[in-house]
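Grab a pencil and have a go at a few short exercises on reading a protein structure. Try each task yourself before you look at the solution.

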Amino acid sequence: MRAPDFWSRDGALPRLLTPLGQAYHLAGVLRRRFAAPWRAPVPVLCVGNLVAGGAGKTPVALALIADLKDRGLKPAALTRGYGGSAAGPLQVSPEDHNADLVGDEALLLAAAAPTWVAGDRAAGARAAADAGAGVIVMDDGFQNPGLHKDLSLLVVDGATGFGNGRVIPAGPLRESLRSGLARADAVVMVGEDRLAASQRRLLADMKVLGARLVPADTGLAGSRVFAFAGIGRPEKFFDSLRGLGAELAGCEAFADHQPYSEAILARLRAAAKALDARLVTTAKDAARLRPAVPEDISVLDVTLAWDDKQALDALLATVLPADHQNPSPEAATGR
């Protein structure tokens, strides 16, 4: 589903729905209060957010996995597998599984590290640890009380922030800002910080790590393209293409995790052909086109770059083993 437009601004309808949002928040508070989280035998790093929809969690998780590998650790990813049917715990096999079973994000993570899909996060973490993981990176699950987190990072899209600042269904928040920020160790601000002043004040006492998404050089500069995306904020993808110098002849935004039927793909191909344009989509959308991405669809990959890598290192030092505090000399020199 797509986020309602009123989630981005305040008004009569959000105020009318606020009592329901307060009840939603209270249910989460009670759930966490009476939970007995399981503590894994290895560090658990949680990459979560406070809003429904995408904020850039998976790119942050992938960047952490790459960093942990550079330190000589054996990371594993853990995710619920949103959009997939598997309850798990199930280790993801990119060759054998598809997005219908494990979800698109799990396939992206599995290309970087052993990945487990599990609705029961504690059971998934136990399976990952038993399989030899030295550290677990959990993509989403900040509000899930079943697994103890050794480090919790909240990812914030700098352009959209926390919407109107109200809790579902009055706004996009999964819980109140104050309660969520109180349980987080740091905030990862992806992109330029355009938060409202009232929301930024709540981050005054938080560690804020700046980061940005860097598109891969795919030779799209000067190309005439028709872009489509079913992610949390498709406009971010469309803007990235413009920033690369591509000519955006047309675009279509779908709901997050949208499955692509043959009928939808046929319609997209017809639209691109009519505009004499090349079809292009995101890596997350491409995961839903497997087992093989059609040759007539280009994929734009992005990676996450940290504004201050030393700030991240200092944060990780609080939870990682002493002999894995720094990246290996080979990683540090780029060899």
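The exercises below work through this predicted model, and each one comes with a step-by-step solution.

**Exercise 1. Helix α1**

Task: Work out how many Å helix α1 should span, and check that against its end C-alpha atoms.

Solution:
- Step 1. Find the helix: α1 covers residues 12-33, which makes 22 residues.
- Step 2. Use 1.5 Å a residue, multiplied by one less than the number of residues. For α1 the expected span is therefore 32 Å.
- Step 3. Compare: the end C-alpha atoms of α1 are 32 Å apart, so the two values agree.
- Step 4. Now look along the helix. At Thr18 there is a kink of about 45°, and the proline Pro19 comes shortly after it.
- Step 5. Pick out the buried residues of α1: Pro14, Leu17, Thr18, Gly21, His25, Gly28 and Arg32. Thr18, where the kink lies, is on that list.

**Exercise 2. Helix α2 and what surrounds it**

Task: Do the span check again for α2, then find the residue with a positive phi just after this helix.

Solution:
- Step 1. Helix α2 runs over residues 57-70 and has 14 residues.
- Step 2. At 1.5 Å a residue, α2 should span 20 Å, and its end C-alpha atoms are 20 Å apart, so this helix passes the check too.
- Step 3. List the buried residues of α2: Lys57, Thr58, Val60, Ala61, Ala63, Leu64, Ile65, Asp67 and Leu68.
- Step 4. Step past the end of the helix to Gly72, where phi is positive at about 85°.
- Step 5. Go back to the other side: Leu50 sits in the loop between β1 (44-48) and α2. Leu50 has a relative accessible area of 2%, so it counts as buried.

**Exercise 3. Odd spots in the backbone**

Task: Which peptide bond is cis, and where do Asp140 and Asp276 lie?

Solution:
- Step 1. Look at omega: the bond from Ile168 to Pro169 has a value near 5° and is cis. Pro169 belongs to the loop between β6 (151-157) and α6 (177-183).
- Step 2. Turn to phi. Asp140 isn't a glycine, yet its phi is positive, near 75°. You'll find Asp140 in the loop between β5 (135-139) and β6.
- Step 3. Asp276 isn't a glycine either, and its phi is positive at about 55°. Its home is the loop between α9 (262-274) and β11 (278-282).
- Step 4. Is Asp276 buried or exposed? The cut-off for exposed is over 50%, and Asp276 has 64% relative accessibility, so it counts as exposed.

**Exercise 4. Sequence distance and space distance**

Task: How far apart in space are Arg233 and Gly54, and Asp308 and His97, going by their C-alpha atoms?

Solution:
- Step 1. Arg233 and Gly54 are 179 residues apart along the chain, but their C-alpha atoms are separated by 6.6 Å.
- Step 2. Place Arg233: it lies in the loop between β9 (224-229) and α8 (234-243). With a relative accessible area of 22%, Arg233 is partly exposed.
- Step 3. Asp308 and His97 are 211 residues apart along the chain, and here the C-alpha separation is 36 Å.
- Step 4. Place Asp308: look in the loop between β13 (302-306) and α11 (309-316). Asp308 is partly exposed, at 42% relative accessibility.
- Step 5. For extra practice, take Leu50 and Gly84: 34 residues apart in sequence, 22 Å apart in space, C-alpha to C-alpha.

**Exercise 5. Cysteines and a pocket**

Task: How many disulfides are there, and what lines the second largest pocket?

Solution:
- Step 1. Recall that a disulfide is a covalent bond between the sulfur atoms of two cysteines.
- Step 2. Use a cut-off of 2.5 Å between sulfur atoms; the count is zero disulfides.
- Step 3. Check two cysteines for exposure. Cys46 is buried at 1% relative accessible area, whereas Cys251 is partly exposed at 39%.
- Step 4. Now the second largest pocket, which holds about 250 Å³ of space. It is lined by 13 residues, and those closest to its centre are Arg32, Phe142, Leu147, Lys149 and Arg183.
- Step 5. Sort the lining by type: five nonpolar, four polar and four charged residues.

Methods: Residues are numbered from 1 along each chain as its sequence is written. This is a predicted model: local features need pLDDT of at least 70, side-chain atom pairs count only at pLDDT 80 or more; totals for chains, interfaces and linings use all residues. Side-chain values use heavy atoms; hydrogens and water are left out. On a 1 Å grid over the protein atoms alone, a cavity is a set of points where a 1.4 Å probe fits but cannot get out, and a pocket is an open set with protein on both sides within 12 Å along at least five of seven lines; lining residues have an atom within 4 Å of a point. Grid points are joined across faces, edges and corners, and a volume is the space filled by probe spheres set on the points. Ala, Val, Leu, Ile, Met, Phe, Trp, Tyr, Cys and Pro count as nonpolar, Asp, Glu, Lys and Arg as charged, and the others, Gly among them, as polar. Buried means under 20% relative accessible area, exposed over 50%, partly exposed in between (1.4 Å probe, protein chains only). Helices (H or I, at least four residues) and strands (E, at least two) are DSSP runs, numbered from the N terminus. The bend at a residue is the angle between axes fitted to the seven residues ending there and the seven starting there.
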